[in-house]
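Biologist: I would like to learn how to read the features of a model like this one, going slowly from the sheet to the helices and then to the empty spaces. Could we begin with the strands?

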Amino acid sequence: MTVSSYIKEWTDAPVKNVLAGMVGTFALIPEVIAFSYAAGVAPEVGLYASFVISIAIAITGGRPGMISGAAGSVALVAADLVHGHGFQYLLLATLLAGAIQVLFGLFKLQNMMRFVSREVATGFVNALAILIFSAQIPQMVHVSWQTYALIALGLAIVYLLPRITTLIPSPLICIVVLTGISMAYPMPVHVVSDLGPLPTGLPSFTLPHLPLTLETFKIVLPYAFAMAMVGVLESLMTAGVVDEMTDTHSNKRMECTGLGVSNILVGLFGGMAGCGMIGQTVGNLRYGGTGRLSTFTAGAFLLLLLVVLHNFVAQVPVAALVAIMIMVSISTFSWSSLRDLVRHPRLSSTVMIVTVVVVVLTHDLAAGVACGVILSGLFFSFQVMQLLQITSSLNTDGQTRTYHVRGQLFFASTTILTDAIDFQDAAPHVVLDLSAARLWDISAADALEKLVSRLQARGKTVHITHADERAARLLNALGHETLLDDTQPA
(Lines give C-alpha, C1' and ligand atoms only; values in the text may rest on other atoms or scores of the structure.)
Protein backbone atom coordinates (compact mmCIF):
# COMPACT_ATOMS: atom_id res chain seq x y z
CA MET A 1 0.00 0.00 0.00
CA THR A 2 1.33 3.42 -0.99
CA VAL A 3 1.23 6.48 1.24
CA SER A 4 -1.01 8.31 -1.23
CA SER A 5 -3.58 5.50 -1.31
CA TYR A 6 -3.55 5.31 2.51
CA ILE A 7 -4.17 9.05 2.79
CA LYS A 8 -6.97 8.81 0.23
CA GLU A 9 -8.67 6.18 2.38
CA TRP A 10 -8.83 8.81 5.14
CA THR A 11 -9.79 11.86 3.10
CA ASP A 12 -12.26 10.50 0.53
CA ALA A 13 -15.84 11.83 1.10
CA PRO A 14 -15.22 12.93 4.71
CA VAL A 15 -18.76 14.18 5.48
CA LYS A 16 -20.40 11.02 4.18
CA ASN A 17 -17.97 8.82 6.12
CA VAL A 18 -18.44 10.74 9.38
CA LEU A 19 -22.23 10.51 9.16
CA ALA A 20 -22.08 6.82 8.28
CA GLY A 21 -19.76 6.20 11.23
CA MET A 22 -22.19 7.96 13.57
CA VAL A 23 -25.04 5.75 12.37
CA GLY A 24 -22.77 2.74 12.83
CA THR A 25 -22.22 3.78 16.44
CA PHE A 26 -25.93 3.67 17.18
CA ALA A 27 -26.08 0.16 15.76
CA LEU A 28 -22.97 -0.78 17.75
CA ILE A 29 -24.04 0.16 21.29
CA PRO A 30 -26.93 -2.27 21.92
CA GLU A 31 -25.15 -5.28 20.44
CA VAL A 32 -21.87 -4.58 22.24
CA ILE A 33 -23.67 -4.33 25.57
CA ALA A 34 -25.53 -7.53 24.78
CA PHE A 35 -22.31 -9.31 23.76
CA SER A 36 -20.67 -8.12 26.98
CA TYR A 37 -23.46 -9.60 29.00
CA ALA A 38 -23.16 -12.83 26.97
CA ALA A 39 -19.46 -12.97 27.85
CA GLY A 40 -20.20 -12.47 31.53
CA VAL A 41 -18.39 -9.13 31.85
CA ALA A 42 -19.50 -5.61 32.70
CA PRO A 43 -20.81 -3.52 29.77
CA GLU A 44 -17.87 -1.14 30.11
CA VAL A 45 -15.51 -3.96 29.09
CA GLY A 46 -17.17 -4.43 25.71
CA LEU A 47 -17.75 -0.72 25.18
CA TYR A 48 -14.15 0.19 25.95
CA ALA A 49 -13.01 -2.62 23.68
CA SER A 50 -15.16 -1.35 20.81
CA PHE A 51 -13.90 2.20 21.29
CA VAL A 52 -10.24 1.16 21.31
CA ILE A 53 -10.57 -1.34 18.45
CA SER A 54 -12.40 1.12 16.20
CA ILE A 55 -9.80 3.83 16.75
CA ALA A 56 -6.80 1.51 16.43
CA ILE A 57 -7.93 -0.56 13.48
CA ALA A 58 -8.96 2.54 11.55
CA ILE A 59 -5.24 3.35 11.59
CA THR A 60 -3.68 -0.12 11.36
CA GLY A 61 -6.29 -2.25 9.56
CA GLY A 62 -6.30 -3.42 5.97
CA ARG A 63 -10.00 -3.00 5.10
CA PRO A 64 -11.37 0.57 5.07
CA GLY A 65 -15.03 0.91 5.96
CA MET A 66 -15.14 -2.16 8.18
CA ILE A 67 -16.53 -1.76 11.70
CA SER A 68 -14.83 -3.81 14.40
CA GLY A 69 -15.74 -4.20 18.03
CA ALA A 70 -16.49 -6.64 20.84
CA ALA A 71 -18.20 -9.23 18.64
CA GLY A 72 -20.38 -12.10 19.75
CA SER A 73 -18.18 -14.86 18.36
CA VAL A 74 -15.21 -13.83 20.51
CA ALA A 75 -17.48 -13.11 23.47
CA LEU A 76 -18.75 -16.67 23.39
CA VAL A 77 -15.20 -18.01 23.57
CA ALA A 78 -14.38 -15.61 26.39
CA ALA A 79 -17.47 -16.52 28.43
CA ASP A 80 -16.15 -19.85 29.68
CA LEU A 81 -12.83 -18.29 30.69
CA VAL A 82 -14.53 -15.48 32.62
CA HIS A 83 -16.99 -17.79 34.36
CA GLY A 84 -14.31 -20.34 35.21
CA HIS A 85 -11.37 -18.15 36.22
CA GLY A 86 -12.31 -14.48 36.34
CA PHE A 87 -11.87 -11.21 34.47
CA GLN A 88 -8.10 -10.87 34.96
CA TYR A 89 -7.57 -14.05 32.98
CA LEU A 90 -9.60 -12.51 30.16
CA LEU A 91 -7.27 -9.50 30.04
CA LEU A 92 -4.23 -11.74 29.69
CA ALA A 93 -6.01 -13.86 27.06
CA THR A 94 -6.81 -10.70 25.10
CA LEU A 95 -3.14 -9.63 25.09
CA LEU A 96 -2.00 -13.08 23.98
CA ALA A 97 -4.73 -13.29 21.33
CA GLY A 98 -3.55 -9.98 19.91
CA ALA A 99 0.06 -11.20 19.83
CA ILE A 100 -1.00 -14.40 18.04
CA GLN A 101 -2.90 -12.37 15.45
CA VAL A 102 0.13 -10.15 14.82
CA LEU A 103 2.25 -13.26 14.24
CA PHE A 104 -0.50 -14.65 12.06
CA GLY A 105 -0.19 -11.64 9.77
CA LEU A 106 3.60 -11.34 9.88
CA PHE A 107 4.04 -14.93 8.74
CA LYS A 108 1.33 -14.53 6.05
CA LEU A 109 -0.75 -17.26 7.63
CA GLN A 110 -3.90 -15.44 6.54
CA ASN A 111 -3.55 -17.42 3.32
CA MET A 112 -4.58 -20.47 5.31
CA MET A 113 -8.10 -19.03 5.32
CA ARG A 114 -8.34 -20.19 1.71
CA PHE A 115 -8.74 -23.70 3.10
CA VAL A 116 -11.97 -22.70 4.84
CA SER A 117 -14.56 -24.06 2.43
CA ARG A 118 -18.02 -22.66 1.93
CA GLU A 119 -19.49 -25.53 3.94
CA VAL A 120 -17.21 -24.77 6.89
CA ALA A 121 -18.01 -21.05 6.71
CA THR A 122 -21.74 -21.82 6.66
CA GLY A 123 -21.36 -24.18 9.61
CA PHE A 124 -19.41 -21.51 11.48
CA VAL A 125 -22.16 -18.95 10.92
CA ASN A 126 -24.96 -21.35 11.87
CA ALA A 127 -23.17 -22.51 15.02
CA LEU A 128 -22.55 -18.90 16.00
CA ALA A 129 -26.28 -18.17 15.61
CA ILE A 130 -27.20 -21.18 17.77
CA LEU A 131 -24.75 -20.19 20.51
CA ILE A 132 -25.96 -16.58 20.49
CA PHE A 133 -29.54 -17.76 20.93
CA SER A 134 -28.69 -20.30 23.62
CA ALA A 135 -26.84 -17.58 25.56
CA GLN A 136 -30.19 -15.74 25.91
CA ILE A 137 -32.02 -18.66 27.51
CA PRO A 138 -30.83 -17.93 31.10
CA GLN A 139 -32.41 -14.48 30.79
CA MET A 140 -35.74 -16.01 29.74
CA VAL A 141 -36.24 -18.51 32.57
CA HIS A 142 -37.51 -17.76 36.07
CA VAL A 143 -38.31 -14.15 35.16
CA SER A 144 -41.41 -12.00 35.51
CA TRP A 145 -44.17 -11.89 32.92
CA GLN A 146 -43.21 -8.26 32.26
CA THR A 147 -39.85 -9.49 30.95
CA TYR A 148 -41.59 -11.72 28.40
CA ALA A 149 -43.84 -8.85 27.39
CA LEU A 150 -40.88 -6.52 26.84
CA ILE A 151 -39.03 -9.18 24.80
CA ALA A 152 -42.09 -9.67 22.60
CA LEU A 153 -42.51 -5.91 22.13
CA GLY A 154 -38.81 -5.55 21.38
CA LEU A 155 -38.96 -8.23 18.68
CA ALA A 156 -42.01 -6.55 17.16
CA ILE A 157 -40.18 -3.23 16.97
CA VAL A 158 -37.01 -4.77 15.55
CA TYR A 159 -38.82 -6.62 12.78
CA LEU A 160 -41.75 -4.34 11.97
CA LEU A 161 -40.17 -0.85 12.16
CA PRO A 162 -37.93 -1.34 9.08
CA ARG A 163 -41.11 -1.76 7.01
CA ILE A 164 -41.98 1.83 7.90
CA THR A 165 -38.58 3.53 7.94
CA THR A 166 -34.90 2.61 7.89
CA LEU A 167 -33.57 6.07 8.70
CA ILE A 168 -32.84 4.99 12.29
CA PRO A 169 -31.69 1.45 13.11
CA SER A 170 -34.60 -0.51 14.60
CA PRO A 171 -32.44 -1.95 17.45
CA LEU A 172 -31.84 1.60 18.65
CA ILE A 173 -35.59 2.35 18.61
CA CYS A 174 -36.13 -0.90 20.53
CA ILE A 175 -33.68 0.30 23.18
CA VAL A 176 -35.29 3.73 23.47
CA VAL A 177 -38.90 2.51 23.60
CA LEU A 178 -38.38 -0.33 26.05
CA THR A 179 -36.21 1.83 28.29
CA GLY A 180 -38.83 4.58 28.26
CA ILE A 181 -41.57 2.13 29.22
CA SER A 182 -39.58 0.58 32.07
CA MET A 183 -38.67 4.03 33.42
CA ALA A 184 -42.22 5.40 33.13
CA TYR A 185 -43.78 2.28 34.63
CA PRO A 186 -41.34 0.65 37.09
CA MET A 187 -41.53 -3.12 36.91
CA PRO A 188 -39.54 -6.12 38.18
CA VAL A 189 -37.10 -6.48 35.27
CA HIS A 190 -33.31 -6.51 35.11
CA VAL A 191 -31.56 -3.46 33.66
CA VAL A 192 -28.07 -2.88 32.26
CA SER A 193 -26.79 -1.38 35.50
CA ASP A 194 -27.50 -4.75 37.14
CA LEU A 195 -24.91 -6.28 34.81
CA GLY A 196 -22.11 -4.01 35.98
CA PRO A 197 -20.84 -0.42 35.94
CA LEU A 198 -20.87 1.63 32.75
CA PRO A 199 -17.93 3.83 31.69
CA THR A 200 -18.13 7.55 32.30
CA GLY A 201 -14.79 8.61 30.84
CA LEU A 202 -11.71 7.46 28.98
CA PRO A 203 -10.34 3.97 29.64
CA SER A 204 -7.22 3.81 31.78
CA PHE A 205 -4.03 1.82 31.26
CA THR A 206 -4.04 -1.48 33.13
CA LEU A 207 -2.17 -4.77 33.27
CA PRO A 208 -3.52 -8.20 34.28
CA HIS A 209 -3.09 -8.77 38.01
CA LEU A 210 -2.03 -12.39 37.70
CA PRO A 211 1.04 -14.45 38.55
CA LEU A 212 2.82 -15.06 35.22
CA THR A 213 3.43 -18.72 35.93
CA LEU A 214 3.34 -21.79 33.70
CA GLU A 215 0.06 -22.80 35.31
CA THR A 216 -1.51 -19.45 34.40
CA PHE A 217 -0.46 -19.75 30.77
CA LYS A 218 -1.76 -23.34 30.60
CA ILE A 219 -5.17 -21.98 31.54
CA VAL A 220 -5.11 -18.92 29.30
CA LEU A 221 -3.35 -20.08 26.11
CA PRO A 222 -6.12 -22.37 24.77
CA TYR A 223 -8.66 -19.56 25.13
CA ALA A 224 -6.27 -16.99 23.69
CA PHE A 225 -5.60 -19.15 20.65
CA ALA A 226 -9.32 -19.78 20.13
CA MET A 227 -10.11 -16.06 20.47
CA ALA A 228 -7.33 -15.21 18.02
CA MET A 229 -8.46 -17.73 15.41
CA VAL A 230 -12.14 -16.86 15.72
CA GLY A 231 -11.33 -13.15 15.49
CA VAL A 232 -9.18 -13.60 12.39
CA LEU A 233 -11.76 -15.85 10.76
CA GLU A 234 -14.67 -13.47 11.32
CA SER A 235 -12.66 -10.38 10.38
CA LEU A 236 -11.42 -11.91 7.13
CA MET A 237 -14.90 -13.19 6.30
CA THR A 238 -16.29 -9.70 6.93
CA ALA A 239 -13.50 -8.14 4.85
CA GLY A 240 -14.43 -10.50 2.02
CA VAL A 241 -18.04 -9.32 2.17
CA VAL A 242 -16.88 -5.68 1.97
CA ASP A 243 -14.60 -6.53 -0.96
CA GLU A 244 -17.58 -7.94 -2.87
CA MET A 245 -19.91 -5.07 -2.00
CA THR A 246 -17.43 -2.34 -2.95
CA ASP A 247 -15.62 -4.13 -5.82
CA THR A 248 -12.32 -3.36 -4.13
CA HIS A 249 -9.55 -5.42 -2.59
CA SER A 250 -8.44 -5.44 1.03
CA ASN A 251 -5.02 -6.17 2.46
CA LYS A 252 -5.74 -9.36 4.43
CA ARG A 253 -2.26 -9.51 5.93
CA MET A 254 -2.50 -5.92 7.15
CA GLU A 255 -5.96 -6.65 8.55
CA CYS A 256 -4.57 -9.55 10.62
CA THR A 257 -1.68 -7.55 12.07
CA GLY A 258 -3.90 -4.51 12.58
CA LEU A 259 -6.46 -6.59 14.46
CA GLY A 260 -3.68 -8.02 16.61
CA VAL A 261 -2.26 -4.58 17.45
CA SER A 262 -5.78 -3.35 18.24
CA ASN A 263 -6.50 -6.26 20.57
CA ILE A 264 -3.18 -5.76 22.39
CA LEU A 265 -4.22 -2.15 23.01
CA VAL A 266 -7.65 -3.36 24.10
CA GLY A 267 -6.08 -5.66 26.67
CA LEU A 268 -3.91 -2.82 27.97
CA PHE A 269 -6.99 -0.64 28.46
CA GLY A 270 -9.24 -3.12 30.22
CA GLY A 271 -11.31 -4.49 27.33
CA MET A 272 -11.93 -7.88 25.78
CA ALA A 273 -10.75 -9.02 22.36
CA GLY A 274 -12.87 -8.17 19.35
CA CYS A 275 -13.01 -8.49 15.59
CA GLY A 276 -14.93 -7.40 12.52
CA MET A 277 -18.71 -7.09 12.98
CA ILE A 278 -20.54 -7.93 9.79
CA GLY A 279 -23.92 -6.42 10.72
CA GLN A 280 -22.50 -3.01 11.64
CA THR A 281 -20.14 -3.09 8.66
CA VAL A 282 -22.94 -3.69 6.16
CA GLY A 283 -24.93 -0.86 7.78
CA ASN A 284 -21.91 1.44 7.57
CA LEU A 285 -21.51 0.69 3.86
CA ARG A 286 -25.21 1.24 3.25
CA TYR A 287 -24.86 4.83 4.47
CA GLY A 288 -21.70 5.48 2.44
CA GLY A 289 -18.98 4.67 4.97
CA THR A 290 -16.27 3.20 2.76
CA GLY A 291 -13.22 4.94 4.25
CA ARG A 292 -11.12 4.73 7.39
CA LEU A 293 -12.75 7.87 8.76
CA SER A 294 -16.09 6.06 9.18
CA THR A 295 -14.43 3.38 11.33
CA PHE A 296 -12.63 6.01 13.39
CA THR A 297 -15.84 8.00 13.87
CA ALA A 298 -17.75 4.91 15.04
CA GLY A 299 -15.30 4.49 17.92
CA ALA A 300 -14.89 8.14 18.85
CA PHE A 301 -18.61 8.85 18.74
CA LEU A 302 -19.27 5.74 20.83
CA LEU A 303 -17.30 7.13 23.76
CA LEU A 304 -18.98 10.51 23.41
CA LEU A 305 -22.42 8.92 23.61
CA LEU A 306 -21.48 6.91 26.66
CA VAL A 307 -20.33 9.99 28.54
CA VAL A 308 -23.38 12.06 27.55
CA LEU A 309 -26.04 9.33 27.80
CA HIS A 310 -24.55 7.39 30.69
CA ASN A 311 -27.66 7.51 32.92
CA PHE A 312 -29.99 6.47 30.11
CA VAL A 313 -27.87 3.50 29.05
CA ALA A 314 -27.77 2.28 32.66
CA GLN A 315 -31.60 1.99 32.67
CA VAL A 316 -31.84 -0.11 29.48
CA PRO A 317 -33.79 -3.30 30.33
CA VAL A 318 -31.97 -6.57 29.68
CA ALA A 319 -35.12 -7.73 27.87
CA ALA A 320 -34.29 -5.25 25.10
CA LEU A 321 -30.84 -6.79 24.70
CA VAL A 322 -32.35 -10.27 24.63
CA ALA A 323 -34.75 -9.22 21.87
CA ILE A 324 -31.88 -7.75 19.85
CA MET A 325 -29.73 -10.85 20.31
CA ILE A 326 -32.58 -13.11 19.24
CA MET A 327 -32.87 -10.99 16.10
CA VAL A 328 -29.11 -11.22 15.57
CA SER A 329 -29.15 -15.01 15.95
CA ILE A 330 -32.07 -15.40 13.53
CA SER A 331 -30.52 -13.12 10.93
CA THR A 332 -27.09 -14.74 11.36
CA PHE A 333 -28.34 -18.27 10.73
CA SER A 334 -28.15 -19.33 7.09
CA TRP A 335 -31.67 -20.65 6.61
CA SER A 336 -30.99 -21.54 2.99
CA SER A 337 -28.44 -24.08 4.24
CA LEU A 338 -31.32 -26.23 5.52
CA ARG A 339 -32.64 -26.51 1.97
CA ASP A 340 -29.13 -27.12 0.69
CA LEU A 341 -28.75 -30.14 2.96
CA VAL A 342 -30.79 -32.19 0.49
CA ARG A 343 -29.61 -30.39 -2.65
CA HIS A 344 -25.86 -30.41 -2.06
CA PRO A 345 -23.64 -33.52 -2.14
CA ARG A 346 -23.78 -35.56 1.07
CA LEU A 347 -20.11 -35.00 1.83
CA SER A 348 -20.54 -31.21 1.67
CA SER A 349 -23.59 -31.33 3.93
CA THR A 350 -21.72 -33.58 6.36
CA VAL A 351 -18.91 -31.01 6.68
CA MET A 352 -21.40 -28.28 7.53
CA ILE A 353 -23.26 -30.41 10.06
CA VAL A 354 -20.07 -31.61 11.78
CA THR A 355 -18.82 -28.01 12.07
CA VAL A 356 -22.07 -26.97 13.73
CA VAL A 357 -22.17 -29.97 16.08
CA VAL A 358 -18.56 -29.58 17.24
CA VAL A 359 -19.01 -25.86 17.94
CA VAL A 360 -22.30 -26.32 19.80
CA LEU A 361 -20.95 -29.19 21.91
CA THR A 362 -17.61 -27.56 22.75
CA HIS A 363 -18.61 -23.88 22.61
CA ASP A 364 -15.32 -23.49 20.73
CA LEU A 365 -15.75 -21.88 17.30
CA ALA A 366 -12.10 -22.46 16.40
CA ALA A 367 -12.40 -26.20 17.16
CA GLY A 368 -15.45 -26.47 14.93
CA VAL A 369 -13.72 -24.69 12.06
CA ALA A 370 -10.61 -26.87 12.49
CA CYS A 371 -12.70 -30.06 12.37
CA GLY A 372 -14.56 -28.77 9.32
CA VAL A 373 -11.35 -27.92 7.48
CA ILE A 374 -9.82 -31.32 8.27
CA LEU A 375 -12.98 -33.10 7.16
CA SER A 376 -13.12 -31.03 3.96
CA GLY A 377 -9.54 -32.03 3.21
CA LEU A 378 -10.28 -35.71 3.80
CA PHE A 379 -13.37 -35.66 1.62
CA PHE A 380 -11.51 -33.80 -1.12
CA SER A 381 -8.70 -36.38 -1.02
CA PHE A 382 -11.28 -39.16 -1.22
CA GLN A 383 -12.92 -37.62 -4.28
CA VAL A 384 -9.60 -36.99 -6.06
CA MET A 385 -8.48 -40.52 -5.22
CA GLN A 386 -11.49 -41.96 -7.00
CA LEU A 387 -10.49 -40.16 -10.21
CA LEU A 388 -7.41 -42.36 -10.63
CA GLN A 389 -7.85 -44.83 -13.51
CA ILE A 390 -5.51 -47.63 -14.61
CA THR A 391 -5.99 -49.55 -17.83
CA SER A 392 -3.71 -52.17 -19.37
CA SER A 393 -2.92 -53.49 -22.82
CA LEU A 394 -0.86 -56.42 -24.12
CA ASN A 395 1.24 -56.07 -27.28
CA THR A 396 0.72 -58.37 -30.24
CA ASP A 397 3.51 -60.81 -29.34
CA GLY A 398 2.26 -61.12 -25.76
CA GLN A 399 5.62 -60.11 -24.31
CA THR A 400 4.88 -56.62 -22.96
CA ARG A 401 2.08 -55.53 -20.65
CA THR A 402 1.57 -51.73 -20.57
CA TYR A 403 -0.31 -50.07 -17.73
CA HIS A 404 -1.72 -46.64 -18.59
CA VAL A 405 -2.07 -44.54 -15.44
CA ARG A 406 -4.47 -41.58 -15.59
CA GLY A 407 -5.07 -39.23 -12.66
CA GLN A 408 -3.42 -38.06 -9.46
CA LEU A 409 -0.98 -40.27 -7.56
CA PHE A 410 -0.65 -39.29 -3.90
CA PHE A 411 -0.74 -40.93 -0.48
CA ALA A 412 -4.44 -41.83 -0.69
CA SER A 413 -4.50 -43.25 -4.22
CA THR A 414 -1.37 -45.41 -4.28
CA THR A 415 -3.23 -48.56 -3.21
CA ILE A 416 -5.49 -48.22 -6.27
CA LEU A 417 -2.41 -48.38 -8.51
CA THR A 418 -0.94 -51.35 -6.63
CA ASP A 419 -4.25 -53.26 -6.73
CA ALA A 420 -4.51 -52.72 -10.51
CA ILE A 421 -1.19 -54.48 -11.22
CA ASP A 422 -1.44 -58.19 -12.04
CA PHE A 423 1.72 -59.65 -10.51
CA GLN A 424 0.79 -63.13 -11.85
CA ASP A 425 0.65 -61.95 -15.47
CA ALA A 426 2.83 -64.07 -17.83
CA ALA A 427 4.23 -61.13 -19.83
CA PRO A 428 7.95 -60.79 -18.99
CA HIS A 429 8.06 -57.05 -19.70
CA VAL A 430 6.01 -54.36 -17.90
CA VAL A 431 5.67 -50.72 -18.89
CA LEU A 432 4.14 -48.10 -16.58
CA ASP A 433 2.97 -45.21 -18.76
CA LEU A 434 2.65 -42.04 -16.62
CA SER A 435 1.93 -39.64 -19.50
CA ALA A 436 -1.56 -38.87 -18.08
CA ALA A 437 -0.60 -39.13 -14.42
CA ARG A 438 0.99 -36.80 -11.90
CA LEU A 439 2.94 -37.71 -8.77
CA TRP A 440 2.33 -35.37 -5.85
CA ASP A 441 4.24 -36.68 -2.84
CA ILE A 442 6.93 -38.96 -1.52
CA SER A 443 4.31 -41.58 -0.60
CA ALA A 444 3.40 -41.98 -4.28
CA ALA A 445 7.05 -42.18 -5.36
CA ASP A 446 7.80 -44.75 -2.63
CA ALA A 447 4.77 -46.85 -3.61
CA LEU A 448 5.95 -46.76 -7.23
CA GLU A 449 9.40 -47.95 -6.25
CA LYS A 450 7.99 -50.82 -4.16
CA LEU A 451 5.71 -51.83 -7.01
CA VAL A 452 8.69 -51.99 -9.39
CA SER A 453 10.71 -54.00 -6.86
CA ARG A 454 7.90 -56.57 -6.53
CA LEU A 455 7.67 -56.97 -10.29
CA GLN A 456 11.45 -57.29 -10.63
CA ALA A 457 11.47 -59.91 -7.88
CA ARG A 458 9.29 -62.02 -10.21
CA GLY A 459 11.90 -61.76 -12.94
CA LYS A 460 10.19 -59.08 -14.98
CA THR A 461 11.81 -56.07 -16.59
CA VAL A 462 10.06 -52.83 -15.73
CA HIS A 463 10.12 -49.49 -17.53
CA ILE A 464 8.49 -46.23 -16.33
CA THR A 465 7.82 -43.93 -19.27
CA HIS A 466 6.58 -40.38 -19.83
CA ALA A 467 6.97 -39.34 -16.20
CA ASP A 468 7.00 -35.60 -15.63
CA GLU A 469 9.80 -33.64 -14.01
CA ARG A 470 8.05 -33.65 -10.64
CA ALA A 471 8.01 -37.46 -10.62
CA ALA A 472 11.70 -37.45 -11.50
CA ARG A 473 12.50 -35.14 -8.58
CA LEU A 474 10.48 -37.26 -6.13
CA LEU A 475 12.08 -40.51 -7.25
CA ASN A 476 15.47 -38.83 -7.19
CA ALA A 477 14.82 -37.76 -3.59
CA LEU A 478 14.37 -41.45 -2.75
CA GLY A 479 17.44 -42.45 -4.78
CA HIS A 480 15.44 -44.24 -7.49
CA GLU A 481 16.01 -41.98 -10.51
CA THR A 482 17.25 -45.00 -12.50
CA LEU A 483 13.70 -46.33 -12.66
CA LEU A 484 12.79 -43.69 -15.27
CA ASP A 485 13.27 -44.33 -18.98
CA ASP A 486 12.48 -40.74 -19.89
CA THR A 487 10.81 -37.65 -18.52
CA GLN A 488 8.60 -34.98 -19.93
CA PRO A 489 8.14 -31.33 -18.86
CA ALA A 490 5.90 -30.89 -15.82
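Modeller: Let us begin with one pair of residues, Ser-392 and its bridge partner in strand 4, Tyr-403. This is a predicted model, in which local features need pLDDT of at least 70 and side-chain atom pairs count only at pLDDT 80 or more, while totals for chains, interfaces and linings use all residues. Residues are numbered from 1 along each chain as its sequence is written, and side-chain values use heavy atoms, with hydrogens and water left out.

Biologist: What makes two strands count as a pair, and in which sense do strand 3 and strand 4 pair?

Modeller: Strands of a sheet pair through backbone hydrogen bonds, in either a parallel or an antiparallel way. Strands here are DSSP runs of E with at least two residues, helices are runs of H or I with at least four, and both are numbered from the N terminus; two strands pair if DSSP finds at least two bridges between them. Strand 3 and strand 4 are antiparallel and are joined over six bridges, and Ile-390 has Val-405 of strand 4 as its bridge partner. The hairpin that these two strands form has five residues between the strands, and there Gly-398 takes a positive phi near 75°.

Biologist: How many bridges join strand 4 to strand 5, and what is the strand order of the whole sheet?

Modeller: Strand 4 (residues 400-409) and strand 5 (residues 429-439) run parallel, with nine bridges between them. Thr-400 has His-429 of strand 5 as its bridge partner, and Gly-407 stands opposite Ala-437 in that strand. The sheet is open, has four strands in the order 3-4-5-6, and its pairing is mixed. Strand 3 (389-394) and strand 6 (461-465) each have a single partner strand and stand at the edges, so one side of each is left without a neighbour in the sheet. From one strand to the next the twist averages 20°, the angle being taken between N-to-C directions of lines fitted to C-alpha atoms, on a scale from 0 to 180 degrees.

Biologist: Is strand 4 mostly covered or mostly open, and is Arg-458 buried or exposed?

Modeller: The terms rest on relative accessible area, with buried under 20%, exposed over 50% and partly exposed in between, using a 1.4 Å probe and protein chains only. Strand 4 is mostly covered, with seven of its 10 residues buried. Arg-458, in the loop between helix 19 (442-457) and strand 6, counts as partly exposed because its relative accessibility is 48%. In the protein, buried residues make up 52% of the 490 residues.

Biologist: Where is the kink in helix 4 centred, and what span does that helix reach?

Modeller: The expected span of a helix is 1.5 Å times one less than its number of residues, and a bend at a residue is the angle between axes fitted to the seven residues ending there and the seven starting there. Helix 4 (residues 72-85) has 14 residues and reaches 20 Å from its first C-alpha to its last, close to the 20 Å expected, although there is a kink of about 30° centred on Ala-78. Of the 14 residues in helix 4, 10 are buried, among them Ala-78 and Leu-81. Gly-86, which follows helix 4, has a positive phi near 115°.

Biologist: Which residues line the largest cavity, and which helix gives the most to that lining?

Modeller: Rolling a probe the size of a water molecule over the atoms shows where empty space is left. On a 1 Å grid over the protein atoms alone, a cavity is a set of points where a 1.4 Å probe fits but cannot get out, whereas a pocket is an open set with protein on both sides within 12 Å along at least five of seven lines, and lining residues have an atom within 4 Å of a point. Grid points are joined across faces, edges and corners, and a volume is the space filled by probe spheres set on the points. The largest cavity has a volume of about 70 Å³, and its lining consists of Gln-139, Val-143, Thr-147, Ile-151, Val-189, His-190, Val-318, Ala-319 and Val-322. Helix 14 gives the most to this lining, with three residues.

Biologist: What is the volume of the second largest pocket?

Modeller: The volume of the second largest pocket is about 350 Å³. Among the 16 residues that line this pocket, the closest to its centre are Met-112, Met-229, Val-369, Ala-370 and Val-373.
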